[in-house]
Amino acid sequence: MLILSDRELYCSPQICFGGYRRAYEDSDYVILGVPFDYTSTFRSGARFAPNHIRIASLNIETYSLRFGVDVEEVRVTDVGDLDVSGNVDETLRRTRKVVEDLVADGKIPILIGGEHTLTLGSVKAFDGKVGVVCFDAHLDLRDEYLGLRVSHATFMRRICESIGPENVLIVGVRALCREEAEFAQESGVNMISVLELENSGLKKSIEKLRRFVKSHERLYVSIDMDVLDPSIAPAVQNPEPEGLSLHELIGFMAECMVKTSALDLVEVTPVYDNGVTCIYAAKVIYEALSSLEAYRKNLEIYGNRRA
C-alpha cells in the first residue's frame with residue numbers, strides 16, 4: 001500500500017524557484033507556494049504571485065555580496081504549490097500539515113503567498129513554541145473584520161492568542177485602527193513602527209529587534225511586501241505610504257535568520273505593476289536564503305549574534 005506524506009498529498013509541481021530543483025532528500029531549504037487569496041478586501045490577485053515570483057527569480061543573479069553566498073550552491077528545492085481548498089480553514093489545515101512535514105524532515109520551509117492569512121496555518125505547525133517576527137505595514141490585530149474572525153486583517157490576533165502576544169514583534173508598522181492600537185498596548189505586542197524608526201534611528205531599532213531574537217530559541221519570519229514603500233513595490237494588496245526601503249528590510253531580516261525555522265513572503269499582487277514588485281520579492285528570498293546559509297556555514301563569523 002502506497003502511503004503519501006502530507007507534502008506529497010497536498011503539493012503540485014510548478015516552475016522551480018531559481019530554475020533548479022535538488023532532490024528533496026538532499027535539500028536544507030524548501031520553497032512552497034501557497035496560491036491562496038480568499039479574504040482579500042482591496043486588491044485581489046495574490047494567488048497569482050507564487051509563479052510570477054518564480055519567473056522573476058529566473059532572471060536575478062544568485063550571488064549575494066552581503067553574505068558571500070551563491071544561492072546556486074545552496075541546498076534548496078521547490079516542491080511546487082499547495083493544493084488549496086475553497087474553504088479557508090481547510091487551506092490553513094493543509095498549510096500546517098505540510099509545514100509540519102517539512103520541519104519534521106529537518107527542512108527550513110520558505111512559503112510564497114498568497115494572502116497573509118496563510119501565516120496563521122504555518123505558525124500553528126510549531127505548536128506554540130516559536131517567536132514571530134512580522135514585517136508589515138499593518139498590525140492585522142482586529143478581532144473581527146467584515147464578519148470574519150480569520151482573515152488577512154485578523155490573523156495576527158489569532159496568532160497572539162495561540163503563542164502569546166509577548167512572542168510577536170511587528171516591524172514597519174504605519175497603518176492601524178484604534179482597536180488594534182489599544183490591543184497592542186494592553187496585551188504587550190512588540191512593534192517597531194516607522195515613526196519609531198525615524199525618531200530613534202536605525203541602530204536603536206536593530207538593537208530592539210536583536211533583543212527579541214535573543215529571547216527566543218526559534219523564530220518564524222513573515223514578510224508582507226507592503227512593508228516596503230509603494231513607490232518601489234506598488235503591486236501589493238494594501239499599499240501604505242512611508243514604507244521601508246529594500247535595504248532596510250533586508251538588513252532587519254538578516255538579524256532574524258540565525259534563529260529562523262521557517263519564513264514566508266506574502267501579499268504580492270502581480271497585476272498591479274510591470275513586474276518590479278515580483279523582482280523585489282525574489283530578491284528578498286534570495287537574500288534570505290543567502291543569510292540562512294551564511295549563518296549555517298559560518299558560525300564563527302556570526303556567532304556573536306547568537307548570545
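**Three helices and one cavity**

Let's start with empty space. By the rule used here, the count comes to one cavity of 30 Å³ or more. Keep in mind that this is a predicted model.

How big is that cavity? Its volume is about 40 Å³.

Now look at what lines the cavity. From the earlier part of the chain come I60, E61, T62, Y63, S64 and V71. Further along come K283, Y286, E287 and S290. Two elements give two or more residues each to this lining: strand β3, residues 63-64, and helix α10. Which of the elements gives the largest share? It is α10, with four residues. By type, the lining divides into four nonpolar, three polar and three charged residues.

So much for the cavity. Next, the helix α10 itself, and its partner.

Two packed helices are described by the angle between their axes and the distance between the axes. Take α9, residues 246-256, and α10, residues 276-297. Their axes come within 10 Å. They cross at roughly 30°. Angles under 35 degrees count as roughly parallel, and therefore α9 and α10 are roughly parallel to each other. The crossing of α9 past α10 is right-handed.

Which residues make the contact? On the α9 side, find L246, L249, I250, M253, A254 and E255. On the α10 side, find Y280, K283, V284, E287, A288, S291 and Y295. Nine of these contact residues are nonpolar, one is polar and three are charged.

Pause on two names here. K283 and E287 of α10 take part in the contact with α9. K283 and E287 also line the cavity.

Now the other neighbour of α9. That is helix α8, residues 202-214. The axes of α8 and α9 come within 9 Å and cross at roughly 25°. Parallel or antiparallel? That angle makes α8 roughly parallel to α9. The crossing of α8 past α9 is right-handed.

Here are the residues. From α8 we have L202, S205, I206, L209, R210 and V213. From α9 we have F252, E255 and C256. This contact divides into six nonpolar, one polar and two charged residues.

One residue to point at before I stop: E255. On α9, E255 is part of the contact with α10. E255 is also part of the contact with α8.

To recap, α9 is roughly parallel to α10, and α8 is roughly parallel to α9. And α10 gives four residues to the lining of the cavity.

Definitions and conventions. Residues numbered from 1 in each chain as written. Predicted model: local features only at pLDDT ≥ 70, side-chain atom pairs only at ≥ 80, totals over all residues. Heavy atoms only, no water. Axes fitted to C-alpha atoms, helices over the stretch in contact; angles between N-to-C directions. Parallel < 35°, antiparallel > 145°, perpendicular 65-115°, else oblique. Left-handed = near helix turned anticlockwise from the far one by under 90°. Contact = heavy atoms within 4.5 Å. Nonpolar A, V, L, I, M, F, W, Y, C, P; charged D, E, K, R; others polar. 1 Å grid on protein atoms, 1.4 Å probe; cavity = no way out; pocket = protein on both sides within 12 Å on 5 of 7 lines; lining within 4 Å. Points joined across faces, edges and corners; volume = space filled by probe spheres on them.
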